[in-house]
Structures are given as C-alpha cells and as structure tokens.
Amino acid sequence: MKKHLPAKQLFGAIFLSLAIASLQAKTYATIDGKPAVTDKDLEILKQSIPNFNYAKLSDQEKEGIIQELVNRQLILKAAKAEKLDTSKEYTEAINNIKDQLLIDLWSKKQVGGIQMPSVNDAQIKEIYKNNEGMFINQEMHARHILVKTESEAKDIIKELDKAGKKAESKFIELANAKSIDPASKQAKNGGDLGTFQRNVMHPDFANAASNLKPGTYTQEPVQTPFGYHVIYLIKKSEPKVIPYNEAKKIIEEQIKMQNVQGGMMQKIQALREKAKIQITK
C-alpha cells in the first residue's frame with residue numbers, strides 16, 4: 001500500500017528542493033551583497049551566441065564576460081529605479097514584441113501544416129543540369145552602372161571606350177553621376193559591389209561578369225529585372241563547379257523554401273479574402 005505525504009509536508013519538500021537548486025546555482029558576481037551574475041545569465045548568453053562555451057574561454061575572456069554582465073545588471077537596476085518599466089515607451093515596445101511573437105508562432109504553425117512535394121532524384125538532376133550556372137563557386141569583385149534604358153547603357157559604354165586607359169576612373173565618375181542603383185547613389189562609391197559570390201547575383205549579370213577579364217568592362221548592356229547594367233570587373237577567382245552530391249542538398253532546400261513561401265502566400269491571401277480591407281490615404 002502506497003503512503004501519501006500530507007499536503008503540508010509535500011509543499012515543504014517542493015520548497016526545499018527549489019532552495020537546494022538555488023544554492024547549487026553558481027554565482028559569478030554579486031552587487032550589494034546579492035547574487036547578480038549566475039549560471040542563468042550564462043545560459044541566456046549561450047542562447048543568443050551560437051557555440052558559446054564559457055568553460056573554454058581564457059581567464060581574461062571570462063573576466064570580460066562577467067564584467068559586461070555586471071554592467072547589464074547595474075543598468076537594469078538603474079532603469080527600474082527610474083521606473084522606466086512603467087513608461088509608455090516600454091509598454092509599446094513590449095506590446096510590439098508580443099505581437100511579433102504571435103506572428104512568428106502563427107507562421108511556424110502554418111509552415112508545419114504545409115505539405116512538402118515529393119521530388120525524386122531524376123527531377124533534382126534535371127534541375128541541376130538546367131541551372132549549371134547557379135552551381136559554380138566563384139568569387140568576384142566588380143563595379144556596375146545601372147540605368148533604365150538600353151540606349152543609356154550604350155552611351156555609357158561609348159564614353160568608356162573614349163576614355164581608353166583611364167576607363168576605370170571614367171567608370172567611377174559615370175557610376176557616381178548616372179547610376180540609379182540606390183546603394184551606389186547613396187555611397188557614391190563608383191558602383192563598387194565589393195566581393196561577392198557568383199551565385200548570389202542574377203544569372204545574366206553573373207555570367208557577364210564572369211566572362212570579363214579583370215580591368216575590362218562589358219561591351220554590351222546586360223539586362224536584368226532591375227534595368228540595364230554596365231559591368232567593370234576588378235578581379236575574380238577560378239570557377240569551381242559544385243558537385244551534384246553537394247548541389248542536391250541546396251536544390252532540396254530551395255524547393256522546400258519555394259513551397260513554404262507559396263503555401264504561406266496562399267494562407268495570407270485566404271485571410272485577406274475573408275477581411276474587408278480599405279487603404280486610406
């Protein structure tokens with residue numbers, strides 16, 4: 001026959017176990033005699049920083065981490081003393097976080113209900129074969145000038161041809177003056193795209209840039225959905241084809257992502273159809 005503890009003893013046992021757990025939690029720093037930095041704070045840090053491992057840090061790195069966490073606790077204490085946690089700004093921020101959390105949870109639930117298509121090896125191989133340019137690892141550094149029309153791009157190429165050996169400096173000048181690319185217009189950096197991987201660019205842009213020799217520019221405008229480009233190649237690495245076994249995983253993930261995006265768009269569209277939406281100006 002099982003013996004049952006009286007409620008009073010049962011609650012006492014629970015509180016005792018919680019107290020023991022609290023005592024077992026390691027304290028790394030105190031403020032005004034009270035625990036300020038414990039294992040709990042390091043666990044939160046671990047969740048926000050991938051591969052964080054406090055035990056593997058040097059003594060100097062550990063000291064730096066603890067001091068930063070102490071600063072955080074001091075700021076929290078000061079903010080509460082000023083009653084900032086009752087301010088309008090705080091309340092609005094908390095509500096925004098709650099709203100975003102609800103959206104994220106709803107999206108996660110919907111994604112879980114989307115049926116994934118069955119794709120066999122032959123279909124994946126066909127995708128790989130028809131998109132060979134997307135499965136090449138090649139690093140490039142280039143500049144570009146983006147304009148709305150083909151005639152504008154051709155006029156820019158003519159100006160570059162006239163510049164001869166000073167083509168790059170002329171390219172920078174024209175990029176700053178004529179490019180409609182928002183980043184180039186803001187930075188005034190001569191259309192510098194920095195270093196990028198071939199497969200992150202539109203295929204037509206990537207192929208045109210890859211076919212150039214360093215220090216040369218495209219002799220014909222390159223059309224993409226953004227407009228017409230004139231491209232100047234600064235440098236490039238040797239292209240390396242991604243083997244099918246590696247590309248297969250990429251293709252499967254892309255198919256999954258496209259299917260999820262399509263499914264989510266349908267669900268959102270269904271919500272819109274049920275609602276009476278009016279855009280006010």
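What percentage of the 281 residues in the protein is buried? Buried residues make up 25% of them. Keep in mind as you look around that this is a predicted model.

**The protein as a whole**

Let's begin with the overall build. The protein contains 10 helices and eight strands. Its radius of gyration is 30 Å, whereas a compact globule of 281 residues would come out near 19 Å. The C-alpha trace spans about 95 × 50 × 50 Å along the principal axes. As for the outside, the accessible surface comes to about 20,900 Å², and carbon and sulfur atoms hold 55% of that area. Among contacts with a separation of 6 or more, 67% join residues that are 24 or more positions apart.

**Where two helices meet**

Now for a closer look at one pair of helices. Two packed helices are described by the angle between their axes and the distance between the axes. The axes of H5 and H10 come within 10 Å and cross at roughly 100°. An angle of 65 to 115 degrees counts as roughly perpendicular, so that is how H5 and H10 lie to each other.

Here are the two partners, with the residues that each brings to the contact:

| Helix | Residue range | Residues in the contact |
|---|---|---|
| H5 | residues 121–130 | Asp121, Ile124, Lys125, Ile127, Tyr128 |
| H10 | residues 244–274 | Tyr244, Ala247, Lys248, Ile251, Glu252, Ile255 |

What kinds of residues form the contact of H5 with H10? Seven are nonpolar and four are charged, with no polar ones. The nonpolar group includes Ile124 in H5 and Ile251 in H10, while Asp121 in H5 and Glu252 in H10 are among the charged residues.

Methods. Residues numbered from 1 in each chain as written. Predicted model: local features only at pLDDT ≥ 70, side-chain atom pairs only at ≥ 80, totals over all residues. Heavy atoms only, no water. Axes fitted to C-alpha atoms, helices over the stretch in contact; angles between N-to-C directions. Helix = DSSP H or I, 4+ residues; strand = E, 2+ residues; numbered from the N terminus. Parallel < 35°, antiparallel > 145°, perpendicular 65-115°, else oblique. Contact = heavy atoms within 4.5 Å. Rg over C-alpha atoms; globule rule 2.2 N^0.38 Å. Buried < 20%, exposed > 50% of the residue type's maximum accessible area, 1.4 Å probe, protein only. Areas by Shrake-Rupley, 256 points an atom, 1.4 Å probe, with all protein chains shown as cover.
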